[in-house]
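Trainee: Please take a close look at one pair of aromatic rings, and then place it in the rest of the chain. Plain terms are enough.

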Amino acid sequence: FFVNFFGRTEMNCCEFCLAGTVSSPTLPALTATLLGLCGTQAPFVCWERGFAHHLSLENSRQQVTRLRVLNFDPHSSEAQWKIDCLGDLAYANRSISRVRNLYCSFVSGDVERFLRALNCRLTYEMFKEGWCFAKDNVLCKVYRLFKLASSGQLSGKQLVSEDYVVEVTLVGPAEATLDAESELVSFVGLLHPHVTCSKDGIV
């Protein structure tokens, strides 16, 4: 098998994120607000898989590396996967949003087989489908969440809830400080009273 792991590296960055849920009756009002703020919307689909790599250290300690693997064109056999290596930042416990460092790469081929060969273990799998909105540095995704009846089989996906997830993210440079999340918090404030977002609402 072949995986172009040494392909294009997107960036080393810092991700701030807040999320919440909205019911179907409230969705039209939220959509109208987002269109007023952002102007346009675009379809959003994502097959997301999580992997973990455990490395044994001295004194029975373990270091865990978490990977978020994303496919934004899941029905294409030639689509690339985006691998995010996730790391918590030192000031994450003082932030309003969930904040993490990402090292991002794009790969092609049988990514699951490649990661399993590196002793990475699949920890979760989900499918997201909805719309996305963008304003300046902020990206807002509104989607329904599906689980897969069988791993790797999109044809068997099952709706988790009738409610929609609202996920708002801001991506900044790796050296970004907490001051950067003020733009995210201001944007989320404009979505009230339709949805209330917090870092505890992250899927």
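**An aromatic pair and its surroundings**

Mentor: There are four aromatic pairs in this structure, which is a predicted model. One of them is formed by Phe44 and Tyr143. A pair of aromatic rings is described by two values, the distance of the centres and the angle of the planes. For Phe44 and Tyr143 the centres are 5.8 Å apart, and the planes make an angle of 45°. That angle puts the pair in the tilted class, because stacked needs under 30 degrees and edge-to-face needs over 60.

Next, consider where the two rings sit in the chain. Phe44 belongs to strand S2 and Tyr143 to strand S7. They are 99 residues apart, so the pair links distant parts of the chain. Both residues are buried, and the reason can be read from their accessibility. Phe44 counts as buried because its relative accessibility is 7%, and the limit is under 20%. Tyr143 has a relative accessible area of 0%, so it is buried too.

To place the two strands, step back to the whole chain. The chain has three helices and nine strands, and they follow one another as β-α-β-β-β-β-α-β-β-β-β-α. Of its 203 residues, 44% count as buried. Links over a long stretch of sequence are not confined to Phe44 and Tyr143: among contacts between residues at least 6 apart in sequence, 68% join residues at least 24 apart.

Strand S7 also leads to the largest nonpolar core. In soluble globular proteins, nonpolar side chains tend to be buried together. Here the largest such core has 27 residues, and Val142, Val166 and Val168 touch the most other members. Two or more residues come from each of strand S1 (9–22), helix H1 (27–38), strand S7 (138–148), strand S9 (164–173) and helix H3 (181–189). Val168 shows how such elements meet. Leaving out residues up to four places away in sequence, the residues touched by Val168 include Phe16, Leu18, Val138, Cys140, Leu184 and Val188. A second core, separate from this one, has 16 residues, among them Leu67, Trp81, Phe114 and Leu122.

Strands S2 and S7 appear once more at the largest pocket, where each supplies at least two residues of the lining. The contribution of S2 is seven residues, the most of any element. This pocket holds about 720 Å³ of space. Its lining has 39 residues, and Glu15, Arg68, Leu70, Asp84 and Lys141 lie nearest the centre. By class, 22 lining residues are nonpolar, four are polar and 13 are charged.

Finally, some details of the backbone away from the ring pair. Asn119 has a positive phi of about 65° although it is not a glycine, and it lies in the loop between helix H2 (111–117) and S6. Asp136, also not a glycine, has a positive phi of about 55° and lies in the loop between S6 and S7. Both are exposed: the relative accessible area is 61% for Asn119 and 67% for Asp136. In the segment after H3 lies Pro193, joined to His192 by a cis peptide bond with an omega of about 5°.

Notes. Residues numbered from 1 in each chain as written. Predicted model: local features only at pLDDT ≥ 70, side-chain atom pairs only at ≥ 80, totals over all residues. Heavy atoms only, no water. Core = buried A, V, L, I, M, F, W, Y, C linked by side-chain atoms within 4.5 Å. Buried < 20%, exposed > 50% of the residue type's maximum accessible area, 1.4 Å probe, protein only. Helix = DSSP H or I, 4+ residues; strand = E, 2+ residues; numbered from the N terminus. Contact = heavy atoms within 4.5 Å. 1 Å grid on protein atoms, 1.4 Å probe; cavity = no way out; pocket = protein on both sides within 12 Å on 5 of 7 lines; lining within 4 Å. Points joined across faces, edges and corners; volume = space filled by probe spheres on them. Nonpolar A, V, L, I, M, F, W, Y, C, P; charged D, E, K, R; others polar. Phe/Tyr/Trp six-rings, centres within 6.5 Å; stacked < 30°, edge-to-face > 60°.
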